[in-house]
Amino acid sequence: MSFLTKLGINSVRNIGSAELSFNPNLNIIFGINGSGKTSILESIHLLAVGRSFRTARTVSLVSETSTELTIFAETSSLSRIGLFKAGNAKHKLKLDSKLQNNWDLVARALPVQVLSSKSFLLLEGGPKSRRMFLDWGVFHVKQSFVQDWRSTKKCVANRNLLLKSSRAGGAELDAWEEELSASATRVDVARQEYFKQFEPIFR
């Protein structure tokens, strides 16, 4: 598994500019309140998966003194990842100098897992938190999972749309239900296979 070796941050919350190098074993970030500790972690998470673990509004991460942010990182596997975001404009994400349309390859190159007070939701919260945790693990061990997961969501959305319309029933609904059954079955099997590996740790 790769890990961060270098990180560059510009205009993320209260961080004007920062460059960090990381130890392969353990890194401790410390400082007074408001010094930017959490902003560093947010920058890593934003770069790795395209969103903050604190807010859904990426634009709010841009420093008040700037109109754009940039984050750059290098990993132990020699991958170079860069993110540029200006206001409400579409982001620009690059992996090894190649522009990326989504975060699939970047998320594999820079796997992250957040542990916070919200982690207790795995035990105390509803099934959504547990599904998200499980799916994030499956994503990193089975490459076809994300396509099946997206296909399942698409099928459910289109099936529900048909059921709410006057066109409910017929061949179109049958087609979506058939595709939903196939993709959802693959998702379920992948989750079960992953949990078999995870179960000894869970127990």
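Where is the place of Asp96 in this protein? Asp96 turns up in the loop between strand 5 and strand 6, the latter spanning 98–100. The structure here is a predicted model, and this loop residue is a handy way into it. Phi of Asp96 sits near 50°, a positive value in a residue other than glycine. As for surroundings, Asp96 is partly exposed, with a relative accessible area of 39%.

Another residue with a positive phi is Leu78, where the angle is about 70° although Leu78 is not a glycine. Leu78 belongs to the loop between strand 3 and strand 4. Buried or exposed, what is the state of Leu78? Leu78 counts as exposed because its relative accessible area is 71%, and the cut-off for that label is over 50%.

Stepping back to the whole chain, the protein has six helices and six strands. Read from the N terminus on, the elements go β-β-α-β-β-β-β-α-α-α-α-α. Taken along the principal axes, the C-alpha atoms fill a box of roughly 60 × 45 × 35 Å. The protein has 203 residues, and 33% of them count as buried. There is also a good deal to say about contacts along the chain: among those between residues at least 6 apart in sequence, 52% join residues at least 24 apart.

Now for the inside. The largest nonpolar core has 26 residues, and Leu7, Leu47, Leu69, Ile71, Ile81 and Leu83 are the ones with the most contacts inside it. Which elements each supply at least two residues of this core? They are strand 1 (4–12), helix 1 (37–49), strand 3 (68–75), strand 4 (80–86), strand 5 (92–95) and helix 2 (104–109). Helix 1 gives the most to this core, with six residues. A second, separate core has seven residues, including Leu134, Val138, Phe145 and Tyr194.

Leu83 is a nice one to click on, as one of the residues with the most contacts inside the largest core. Leaving aside neighbours within four places in sequence, Leu83 is in contact with Leu46, Leu47, Leu69, Thr70, Ile71, His91, Lys92, Leu93 and Trp103.

Glu68 offers another view of the strands. This residue has its place in strand 3. Glu68 is partly exposed, with a relative accessible area of 35%. Once neighbours within four places in sequence are set aside, the contacts of Glu68 are Asn10, Ser11, Val62, Phe84, Lys85 and Ala86. Glu68 and Asn88 are 20 residues apart along the chain, and their C-alpha atoms are separated by 9.5 Å.

Next come the helices toward the end of the chain. Helix 4 (residues 127–141) and helix 5 (residues 145–164) have axes that come within 8 Å and cross at roughly 135°. That angle makes helix 4 oblique to helix 5. On the helix 4 side, Asp135, Val138 and Phe139 do the meeting, and their partners in helix 5 are Phe145, Val146 and Trp149. Sorted by class, this contact of helix 4 with helix 5 has five nonpolar residues, no polar ones and one charged.

Helix 5 also packs against helix 6 (residues 170–202), at an angle of about 145° and with the axes 8 Å apart. The crossing of helix 5 and helix 6 is left-handed. From helix 5, the residues making the contact include Phe145, Trp149, Thr152, Cys155, Val156, Arg159, Leu162 and Leu163. From helix 6, they include Leu173, Trp176, Leu180, Ser183, Ala184, Val187, Ala190 and Arg191. How many nonpolar, polar and charged residues does the contact of helix 5 with helix 6 have? There are 12 nonpolar, four polar and eight charged.

Finally, helix 4 and helix 6 cross at roughly 90°, and their axes come within 9 Å. Helix 4 is therefore roughly perpendicular to helix 6. In this contact, helix 4 brings Arg131, Phe133, Leu134, Asp135, Gly137, Val138 and Val141, while helix 6 brings Ala190, Arg191, Tyr194, Phe195 and Phe198. The residues of the contact of helix 4 with helix 6 divide into eight nonpolar, one polar and three charged. Some of these names have come up before: Leu134, Val138 and Tyr194 are among the residues of the second core.

Methods. Residues numbered from 1 in each chain as written. Predicted model: local features only at pLDDT ≥ 70, side-chain atom pairs only at ≥ 80, totals over all residues. Heavy atoms only, no water. Axes fitted to C-alpha atoms, helices over the stretch in contact; angles between N-to-C directions. Helix = DSSP H or I, 4+ residues; strand = E, 2+ residues; numbered from the N terminus. Parallel < 35°, antiparallel > 145°, perpendicular 65-115°, else oblique. Contact = heavy atoms within 4.5 Å. Nonpolar A, V, L, I, M, F, W, Y, C, P; charged D, E, K, R; others polar. Core = buried A, V, L, I, M, F, W, Y, C linked by side-chain atoms within 4.5 Å. Buried < 20%, exposed > 50% of the residue type's maximum accessible area, 1.4 Å probe, protein only. Left-handed = near helix turned anticlockwise from the far one by under 90°.
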